[in-house]
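Got the viewer open? Let's take a walk through the pockets, one selection at a time.

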Amino acid sequence: MNDTTRETPRLHANRQTVSLSFETSLIQSCMRLEAPDELVLDYTRSMMGFLLLGPAPRSVLMIGLGGGSMLKYLHRHVPEADLTAVEINPGVIELRDEFHIPHDGERLRIVCDDGAQFVAQPPQAYDLILVDGFTGEGLPEALCSKRFYAHCRKALTPQGLLVANVQADTDATRQILKRLDQAFDGGLITIESTEGGNEIAFAGAHTTLSQALAGFEACWSGLPTVHQDTLAACSTRVQGALIKMRRPPPR
């Protein structure tokens with residue numbers, strides 16, 4: 001464990017919303033009281049873009065819990081998925097009731113652990129790994145290192161995807177994306193959040209992303225209405241990123 005475990009999460013509430021932050025005023029998570037399972041922030045809706053890239057996952061690992069927005073969305077709207085969320089800060093987990101996060105059960109569990117250490121020795125392979133582990137100081141090095149991304153790839157099923165939230169348009173971001181590109185042999189696309197400040201990376205086997213482009217329209221048409229509503233604002237960004245994806249060199 002490290003200093004991240006000692007950061008005190010701050011709860012902000014009004015009549016409409018409950019939100020979470022750390023030492024800065026930057027909002028980490030936000031929930032509408034009238035619709036606790038709805039994804040309020042664009043970056044969380046953008047991270048759900050993996051639904052445009054293949055079949056719904058059956059095994060999901062989330063590194064970073066926050067207010068549990070994506071966990072709640074998946075628990076309600078992707079009922080076939082088994083969900084494990086790893087959160088290093090026990091103070092964040094203690095707020096789960098404030099954010100209406102379901103109790104642990106047969107298909108959902110929250111583990112208090114270091115996400116980088118957890119993925120280095122995972123108990124199983126996952127169809128999807130979501131990384132959203134920001135602290136008050138930004139993205140920890142442990143969750144964006146070459147070793148971490150190598151471990152993530154090994155922890156994925158052959159057609160699995162890694163979706164990572166990183167800070168947009170900084171020198172550090174460019175280095176992070178270079179590491180991801182190397183770890184996944186060029187199987188990488190990125191989109192930016194419309195709210196600014198966040199870039200979302202999707203990484204997996206190059207063939208998986210190529211197939212996603214070929215079947216994009218059919219995948220979109222087959223999505224349940226709730227997913228279409230959630231992804232309406234980012235679907236064209238995901239499709240555009242697939243079109244621009246770098247092709248692997250011929251063998």
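Start by selecting these elements: strand 3 (27-32), helix 1 (42-47), strand 4 (59-63), helix 2 (69-77), strand 5 (82-87), helix 4 (115-120) and strand 8 (156-167). Each of them puts at least two residues into the lining of the largest pocket. Keep in mind as you go that this is a predicted model.

Which element gives the most to that lining? Colour strand 3, which contributes 3 residues.

Now for the space itself: the largest pocket holds about 620 Å³. To find the middle, show Q28, D132, G133, F134 and T135 as sticks; out of 42 lining residues, these five are the closest to the pocket's centre. Try colouring the whole lining of the largest pocket by class, and you should count 18 nonpolar, 19 polar and 5 charged residues.

Next stop, the second largest pocket, with a volume of about 320 Å³. Select L53, G54, P55, Q159 and T208 and centre the view there: of the 19 residues lining the second largest pocket, these lie nearest its centre.

Which elements should you highlight around it? Pick strand 7 (126-131), strand 8 and helix 7 (206-214), as each supplies at least two residues of the second pocket's lining. Strand 8 has the largest share here, with 4 residues. You've already met strand 8, since it also supplies at least two residues to the lining of the largest pocket.

Finish with the class colouring again: the second largest pocket's lining splits into 10 nonpolar, 7 polar and 2 charged residues.

How values were computed. Residues are numbered from 1 along each chain as its sequence is written. This is a predicted model: local features need pLDDT of at least 70, side-chain atom pairs count only at pLDDT 80 or more; totals for chains, interfaces and linings use all residues. Side-chain values use heavy atoms; hydrogens and water are left out. On a 1 Å grid over the protein atoms alone, a cavity is a set of points where a 1.4 Å probe fits but cannot get out, and a pocket is an open set with protein on both sides within 12 Å along at least five of seven lines; lining residues have an atom within 4 Å of a point. Grid points are joined across faces, edges and corners, and a volume is the space filled by probe spheres set on the points. Ala, Val, Leu, Ile, Met, Phe, Trp, Tyr, Cys and Pro count as nonpolar, Asp, Glu, Lys and Arg as charged, and the others, Gly among them, as polar.
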